Amino acid sequence: MNKREIKTAKLTVDGDTYQLPIVVGTEGEMAIDISTLRSRTGLITLDPGYANTGSCKSSITYMDGENGILRYRGIPIEQLAEHSTFRETAYLLINGELPTKQQLDQFSARLNDHSLIHEDMRYFFQNFPRLAHPMGILSSMVNALRAFYPEIPERSEEEEINITFSRLISKVRTMAAISYRISRGHKVVYPRHDLSYCANFLNMMFDTPVKPYQIDEDIVAALNVFWILHADHEQNCSTAAVRLVGSAKVNLYAAISAGICALWGPLHGGANQAVIEMLQHIYENGGDPVPFIKKAKDKNDPFRLMGFGHRVYKTYDPRVKIMKKMCIKTLKKLNIKDPLVDVAERLEETALKDPYFIDHHLYPNVDFYSGIFLRAIGIPIKMFTVMFAIGRLPGWISQWKESVDDPQWKLHRPRQVYIGKTKRDYIPIEQRKE
Ligand code: CMC
């Protein structure tokens with residue numbers, strides 16, 4: 001029978017059979033709808049880490065982990081990386097369609113209008129300790145945006161939401177650059193209306209009165225690709241966090257702030273920082289990947305190869321090929337010979353031939369080469385995950401929007417199987433045994 005024709009699954013519990021509907025996606029993915037399971041059977045499902053649980057229906061991003069496919073709103077990532085800009089891809093993700101010229105101009109104008117931050121927010125930045133991690137600063141500042149930009153009752157809900165989207169996309173970039181400038185003790189550079197989204201970021205980061213930043217269109221194009229590759233990845237940990245926190249009907253800034261916190265972790269977006277630290281460590285220890293691969297395979301050692309493995313991809317992450325090509329091209333353009341490229345290539349080659357990595361379907365992921373690119377364009381290591389966050393923002397926003405517009409919207413509230421003590425009596429402190 002054709003998989004698409006299967007309409008129900010049967011579940012038999014203690015002799016009683018229950019029919020559960022099967023939901024089929026547009027690409028043929030199938031899911032058993034268990035939304036009535038508990039009310040009908042008294043049972044719940046148990047799925048630690050949600051590896052087998054679909055939390056929503058979504059029309060934003062399609063991933064096929066077995067065949068290495070990634071598409072935003074149906075368009076392959078390869079085509080977007082080649083032809084689009086980050087700004088246009090953000091519009092596509094949020095609105096569902098590529099913009100017309102007029103729509104794109106309007107979107108750009110809105111981003112420009114909202115690119116400055118409230119001057120008082122600069123005092124916040126200045127009071128973080130110098131060693132504070134920029135991801136902690138960013139999540140706090142994004143949460144603080146609600147205080148500086150409260151809702152205006154005269155605005156329609158749609159207008160308010162559109163302004164909030166533009167504000168976030170534009171201001172997060174400005175805030176990231178400001179946090180870097182302040183951490184260096186340098187004067188803040190304001191966004192310029194005559195520069196594109198990516199060029200503006202680079203200028204805010206690197207322009208100084210004594211050395212004006214020269215915009216290089218090749219680097220601007222490469223940064224566009226970097227951010228397009230990070231723009232969405234369906235129900236990953238940070239996006240799931242945005243949806244979950246958003247499901248309590250908090251404001252969007254608070255939900256995005258939660259996403260930034262989730263992304264910070266080294267198993268998720270923080271891996272780009274962890275990869276470069278690992279590659280540097282291998283380089284400083286002679287550059288031989290073999291002992292590190294051995295360590296990664298040792299079950300008694302918590303070490304993992306960072307930038308390797310993925311919950312969904314069981315083959316090459318399609319973003320890696322684009323990232324690697326763009327990374328090598330950028331190094332060539334900037335005439336940089338980074339020894340970490342050799343270390344990374346040797347590590348990749350050796351791991352891909354190793355039976356452990358083959359059997360576990362472990363391939364490089366998007367973070368494997370991204371840090372080498374970021375380092376080449378002058379981004380400090382501590383800012384790597386912030387770069388990921390700027391890229392992922394349109395994805396978080398579009399996923400949040402989809403969830404609040406969903407007629408099946410529900411507060412996210414998983415259940416559990418309790419394995420603690422059964423009922424017992426309270427013992428007064430004087431009767432407790434030492
Ligand atoms: N190095 C060594 N072994 C690994 C690795 C790795 N990087 N990743 C997974 N494994 C092994 C793991 O030990 C386990 O082995 P076994 O079944 O023998 O006990 C098996 O593969 C499955 O691991 P898992 O942790 O259950 O798989 P997962 O789907 O939960 O993990 C992951 C996905 C990304 C958390 C994991 O591969 C990992 O920790 N990778 C390193 C961190 C990393 O690069 N993260 C970036 C992910 S991509 C960017 C993003 O979307 O955030």
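This section describes aromatic pairs, charges over rings, a nonpolar surface patch and the surroundings of one proline in a predicted model.

Aromatic contacts come first. A pair of aromatic rings is described by the distance of the centres and the angle of the planes. The count comes to 16 aromatic pairs. One of them joins Phe86 and Tyr197. Their ring centres lie 5.4 Å apart, and the planes meet at 50 degrees. The pair is tilted because its angle falls between the limits of 30 degrees for stacked and 60 for edge-to-face. Phe86 belongs to helix 3 (residues 86-95), and Tyr197 to helix 8 (residues 197-206). The two residues are 111 residues apart, and their pair links distant parts of the chain. Both Phe86 and Tyr197 are buried.

A further pair is formed by Phe308 and Phe368. Here the centres are 5.3 Å apart and the planes are at 85 degrees. This geometry is edge-to-face, because the angle is over 60 degrees. Phe308 sits in the loop between helix 13 (290-297) and helix 14 (318-333). Phe368 is in helix 17 (residues 367-376). The pair therefore ties together parts that are 60 residues apart in sequence. Phe308 has a relative accessibility of 10% and so counts as buried. Phe368 is also buried, at a relative accessible area of 0%. Phe308 and Phe368 belong to a cluster linked by ring pairs, together with Tyr356, Phe357 and Tyr369.

Charged side chains also meet rings. Arg173 lies over the face of Tyr197, 4.4 Å from the ring centre. Tyr197 is thus placed against Arg173 as well as paired with Phe86. Elsewhere, the charged end of Lys249 sits over the ring of Trp409, at 4.3 Å from its centre.

At the surface, Ile44, Leu46, Val417 and Ile419 make a nonpolar patch of about 430 Å². Ile44 is placed in the loop between helix 1 (37-41) and strand 4 (61-64). Its relative accessible area is 32%, so Ile44 is partly exposed. That value also meets the patch criterion, because patch residues need over 30%.

Pro266 occupies another loop, between helix 11 (252-264) and helix 12 (271-284). Pro266 has a relative accessible area of 47% and is therefore partly exposed. Beyond residues up to four places away in sequence, Pro266 touches Ala271 and Met306. Pro266 and Gly307 are 41 residues apart in sequence. In space, their C-alpha atoms are 9.7 Å apart.

Note on methods. Residues numbered from 1 in each chain as written. Predicted model: local features only at pLDDT ≥ 70, side-chain atom pairs only at ≥ 80, totals over all residues. Heavy atoms only, no water. Patch = residues over 30% accessible without salt bridge, like charges linked within 9 Å, V, L, I, M, F, W, Y side chains within 5 Å. Areas by Shrake-Rupley, 256 points an atom, 1.4 Å probe, with all protein chains shown as cover. Salt bridge = Lys/Arg side-chain N within 4 Å of Asp/Glu carboxyl O. Helix = DSSP H or I, 4+ residues; strand = E, 2+ residues; numbered from the N terminus. Buried < 20%, exposed > 50% of the residue type's maximum accessible area, 1.4 Å probe, protein only. Phe/Tyr/Trp six-rings, centres within 6.5 Å; stacked < 30°, edge-to-face > 60°. Lys NZ or Arg CZ within 6 Å of the ring centre and 35° of its normal. Contact = heavy atoms within 4.5 Å.
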